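Work through the following exercises with the sequence and the structure side by side. Try each task yourself before reading its solution.

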Amino acid sequence: MTDPLLTVDTPVVMGIVNMTVDSFSDGGEFVDHDRALAHALDLVVAGATIVDIGGESTRPGASRVPVELEQARVVPVVRDLATRGIAVSVDTLNASTARAAVHAGARFINDVSGGLADPNMVRTAAQLAVESGAVYIAGHWRGSSATMNDLALYDDVVAEVRTELTQRVDALLAAGMSRDSIVLDPGLGFAKTAAHNWTLLAHLPTLTELGFPVLIGASRKRFIAELMPDGATMLERDLPSAVVAADSIAAGAWGVRVHDVRATRLALAVRAQWEAAS
Ligand code: PMM
């Protein structure tokens with residue numbers, strides 16, 4: 001059974017709820033259950049197709065969170081959203097958290113490591129896909145937040161990210177997952193410099209032609225901030241982030257993962273008008 005959101009012909013907007021104390025963009029703001037839930041519901045009203053709940057920051061230098069704490073943060077919110085009929089993804093590196101979240105109603109497992117961080121993830125995600133129809137989002141990753149900046153070395157970033165993501169797909173298929181349960185993500189900022197991120201965005205068709213839906217997470221990332229004057233705030237990153245989101249969709253991405261859903265929906269509406277009139 002393919003998740004209906006994988007075959008929609010309108011752009012998928014994944015709204016971010018970071019239940020963490022140290023996410024680079026909104027650390028500490030939504031760590032509490034009620035605030036996270038209220039924020040998630042706001043994102044849905046603003047036009048989020050999926051709400052992405054994470055309990056552990058993956059930014060460079062972030063410290064790991066005990067898995068029990070991660071689950072205590074995310075699982076109740078996942079359940080509260082899923083019972084309202086909202087499509088939820090769980091942003092986790094941990095197989096046990098993925099399992100707990102899917103059992104609480106999550107439809108997507110968003111693993112920025114593509115199964116490399118937890119040796120049990122590939123097998124677990126394949127099982128959850130078969131048992132519950134859960135979709136697995138495999139990010140391109142080369143190492144944990146402690147090491148990733150040193151791993152941003154490529155001769156040809158587009159070819160290498162494509163090859164390394166294909167290897168993750170092969171591992172998932174070998175574990176019994178079907179092709180229509182997989183979404184790919186180039187992992188902007190994960191072992192990538194600003195130049196690598198822009199090159200990947202400019203060559204998005206090289207990834208979409210693999211035949212999987214592609215998700216892009218550029219929102220508020222440092223390579224966007226580098227375009228802005230010194231001292232620009234986090235919220236000021238939302239306008240250029242929305243532009244990148246709309247351009248990603250125009251270049252063939254299936255979905256975008258963003259903080260500011262409202263601005264993203266507006267940017268997408270501009271794009272849709274432009275395309276409809278052309
Ligand atoms: N980036 C972050 C976290 N989760 N998930 C996906 N699929 N793609 C991403 O690019 C991605 C992600 C880090 O950003 P955050 O701290 O703002 O959540």
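**Exercise 1: A strand and its surroundings**

In this predicted model, strand β1 is mostly covered, for seven of its seven residues are buried. Find out which residues of β1 lie on one side and which on the other, and identify the strands with which β1 pairs.

Solution. Begin with the general pattern: in a regular strand, side chains alternate between the two faces of the sheet. Applied to β1, this places Val12, Met14, Ile16 and Asn18 on one side, while Val13, Gly15 and Val17 are on the other, and both faces are covered. To call these residues buried, one needs a relative accessible area under 20%.

Next, look at the strands that pair with β1. Strand β1 (residues 12-18) pairs with strand β8 (residues 255-258) in the parallel sense, over four bridges. Within this pair, valine 12 has glycine 255 of β8 as its bridge partner, and methionine 14 stands opposite arginine 257 of β8. Strand β2 (residues 50-54) also pairs with β1 in the parallel sense, here over five bridges, and valine 51 in β2 is the bridge partner of glycine 15.

Finally, add the helix: α10 (residues 261-276) lies across β1 and β8, and runs at about 165 degrees to β1.

**Exercise 2: The whole sheet**

Determine the order of the strands in the open sheet, and explain why one side of β6 and of β7 is left without a neighbour in the sheet.

Solution. Following the eight strands across the open sheet gives the order β6-β5-β4-β3-β2-β1-β8-β7, with parallel pairing. The strands β6 (182-185) and β7 (215-216) stand at the edges and each have a single partner strand, so one side of each has no neighbour in the sheet. Elsewhere, helix α4 (residues 121-132) lies across β4 (108-111) and β5 (135-139), running at about 165 degrees to β4.

**Exercise 3: Two helix pairs**

Describe how α1 packs with α2, and how α5 crosses α6.

Solution. Two packed helices are described by the angle between their axes and by the distance between those axes. For α1 (residues 33-45) and α2 (residues 67-82), the angle is about 35 degrees and the axes are 10 Å apart, and the crossing is right-handed. In this contact, His33, Ala36, Leu37, Ala40 and Leu41 of α1 meet Pro76, Val77, Asp80 and Leu81 of α2. Sorted by class, the residues of this contact are seven nonpolar, one polar and one charged.

For α5 (residues 157-174) and α6 (residues 194-202), the axes come within 9 Å and cross at roughly 75 degrees, which makes α5 roughly perpendicular to α6. Here Val157, Val158 and Val161 of α5 meet His196, Thr199 and Leu200 of α6, and by class the contact has four nonpolar, two polar and no charged residues.

**Exercise 4: One histidine**

Is histidine 103 buried or exposed, and which residues does histidine 103 touch?

Solution. First locate histidine 103, which belongs to helix α3 (residues 95-103). Its relative accessible area is 54%, and since a residue counts as exposed over 50%, histidine 103 is exposed. Leaving out residues up to four places away in sequence, histidine 103 touches Leu128 and Glu131. By comparison with these contacts, consider glycine 143, which is 40 residues from histidine 103 along the chain: their C-alpha atoms are separated by 28 Å.

How values were computed: Residues are numbered from 1 along each chain as its sequence is written. This is a predicted model: local features need pLDDT of at least 70, side-chain atom pairs count only at pLDDT 80 or more; totals for chains, interfaces and linings use all residues. Side-chain values use heavy atoms; hydrogens and water are left out. Axes are lines fitted to C-alpha atoms, for helices over the stretch in contact, and angles run from 0 to 180 degrees between N-to-C directions. A crossing is left-handed if the near helix is turned anticlockwise from the far one by less than a right angle, and right-handed if clockwise. Contact means heavy atoms within 4.5 Å. Ala, Val, Leu, Ile, Met, Phe, Trp, Tyr, Cys and Pro count as nonpolar, Asp, Glu, Lys and Arg as charged, and the others, Gly among them, as polar. Buried means under 20% relative accessible area, exposed over 50%, partly exposed in between (1.4 Å probe, protein chains only). Two strands pair if DSSP finds at least two bridges between them. Angles under 35 degrees count as roughly parallel, over 145 as roughly antiparallel, 65 to 115 as roughly perpendicular and the rest as oblique.
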